[in-house]
Amino acid sequence: MGKKNSKLSAVFIDRDGTIIFDKKYLNSTKQIELYPFVVDSIKKLNDAGFVVIITTNQSGISRGMFTENDLKFINKKIIKLIEEKGAKIDDVCYCPHVDFDKCNCRKPKTGMIDRCVKKFCIDLKKSYAIGDTFRDYFFGLNMGGSGILVLTGHGMKEYNRMINIGIKPIVSRTLESAVNRIIKNNKM
Ligand SMILES: [Mg+2]
Ligand SMILES: [Zn+2]
C-alpha cells in the first residue's frame, strides 16, 4: 500500500429518473416526487465519506421551457426535501444546453463537474456516476471513473437500446442498489 490518497471520491447522481420521477421538462416544484429510497441511499454515501453531487442535463433551458432561475428554485426545493430528512447534497451541477449548442458540459461530456473537482479535491478515478440514460453511464467512463445505469426513469429503455448496439453497461436496479454496489466495492 502506498501513501494514503488524500483526494476524495465522489458520487455524481443524475436528477430526473434517478432521484426524482422523470416528469418531462419539470418546471414546477409541485411536480417534484422523490423516489422513496433516495434519502437513505444518500445518507449511506455521506456516512461512507463520499462527496455527493447532483449532475443534471437541463436542456429545457436552451429550449426555452424554463429559465435558469426556475431550475435553481426547483433544485433548491429538491435539496431541501432531502436535507430536511438528514441526508446531505454537497453540490449541484447542471448543463442548460442542447447538443446543437456544442458545449463541453452536456453529459456524457464532463465539463459540468470541473468546478466541483477543484472545490472538493476529487479523485475522478475513484468516483462514480449514477443515472438512467447512456449519457450518465458514459459520463462516468469519460470522467475516468465508473458509470452505473439504473433501471428507473428511462433506464429500462436505455438498457435495451445499449444492449442492441453491443454495449453492456454496469446496471443496478435503482439508486439504492447502485449505492450498495459502490459501498461494497469500496471496502474491497
Ligand atoms: Mg435522467
Ligand atoms: Zn452544456
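Trainee: Quick one to start: does aspartate 14 count as buried or exposed, and at what relative accessibility?

Mentor: Aspartate 14 counts as buried, because its relative accessibility is 7%. Buried means under 20% relative accessible area, exposed means over 50%, and partly exposed is in between, using a 1.4 Å probe and protein chains only. Before we go on: this is a predicted model, where local features need pLDDT of at least 70, side-chain atom pairs count only at pLDDT 80 or more, and totals for chains, interfaces and linings use all residues. Residues are numbered from 1 along each chain as its sequence is written, chains are lettered from A and ligands numbered from 1 in the order in which they are written, and side-chain values use heavy atoms, with hydrogens and water left out.

Trainee: OK. Which protein donors does the magnesium ion (ligand 1) have?

Mentor: Asp14 (OD), Asp16 (O) and Asp132 (OD), at 2.1 to 2.2 Å from the magnesium ion. Donors are N, O and S atoms within 2.8 Å of the metal (3.2 Å for Na, K and Ca), and sites may look incomplete because water is not among the atoms. Along the sequence, the spacing of those donor residues is D-x1-D-x115-D.

Trainee: Where do aspartate 14 and aspartate 132 lie?

Mentor: Aspartate 14 is in the loop between β1 and α1, and aspartate 132 is in the loop between β4 (128-131) and α4, so the pair ties together parts 118 residues apart in sequence. Helices (H or I, at least four residues) and strands (E, at least two) are DSSP runs, numbered from the N terminus.

Trainee: What's the nearest side chain of opposite charge to aspartate 132?

Mentor: That's lysine 107, 6.9 Å away, and aspartate 132 has no salt bridge even though it is buried. A salt bridge needs a side-chain nitrogen of Lys or Arg within 4 Å of a carboxyl oxygen of Asp or Glu. For charge, Lys and Arg count as positive and Asp and Glu as negative, while His and the chain ends are not counted. The relative accessible area of aspartate 132 is 1%.

Trainee: And which backbone nitrogen does the side chain of aspartate 132 reach?

Mentor: The one of histidine 154, at 2.8 Å. Leaving aside neighbours within four places in sequence, aspartate 132 is in contact (heavy atoms within 4.5 Å) with residues including Asp14, Asp16, Thr18, Gly153, His154 and Glu158.

Trainee: Back to salt bridges. How many are there?

Mentor: The count comes to 12 salt bridges. In one of them, lysine 107 and aspartate 14 meet at 3.1 Å, N to O. That pair links distant parts of the chain, 93 residues apart, with lysine 107 in the loop between β3 (91-95) and α3 (114-120) and aspartate 14 in the loop between β1 (10-13) and α1 (38-47). Lysine 107 is buried, with a relative accessible area of 1%.

Trainee: What about arginine 135, which side chain does it meet in a salt bridge?

Mentor: Aspartate 99, at 2.9 Å, N to O. Arginine 135 lies in helix α4 (residues 134-142) and aspartate 99 in the loop between β3 and α3, so this pair ties together parts 36 residues apart in sequence. Arginine 135 is buried at 17% relative accessible area, whereas aspartate 99 counts as partly exposed at 47%. There's also a network, in which salt bridges that share partners join Asp14, Lys107 and Asp136.

Trainee: Which residues of α4 are buried?

Mentor: Arg135, Asp136, Tyr137, Phe139 and Gly140. They pack against β1, β2 (51-57), β4, β5 (146-150) and α5 (155-164). After α4 comes glycine 144, with a positive phi near 95 degrees.

Trainee: New topic: what are the protein donors of the zinc ion (ligand 2)?

Mentor: Cys95 (SG), His97 (ND1), Cys103 (SG) and Cys105 (SG), lying 2.0 to 2.3 Å from the zinc ion. Their spacing in sequence is C-x1-H-x5-C-x1-C.

Trainee: Why is the arrangement around the zinc ion called tetrahedral?

Mentor: Because the four donor atoms subtend angles of 98 to 117 degrees. Four donors count as tetrahedral if all angles lie between 85 and 135 degrees.

Trainee: Are cysteine 95 and histidine 97 buried or exposed?

Mentor: Cysteine 95 is buried at 0% relative accessibility, while histidine 97 counts as partly exposed at 25%.

Notes. Tetrahedral: all angles 85-135°; square planar, octahedral: opposite > 155°, others 65-115°. Polar contact = N/O pair within 3.5 Å; in protein donor to acceptor, adjacent residues only side chain to side chain.
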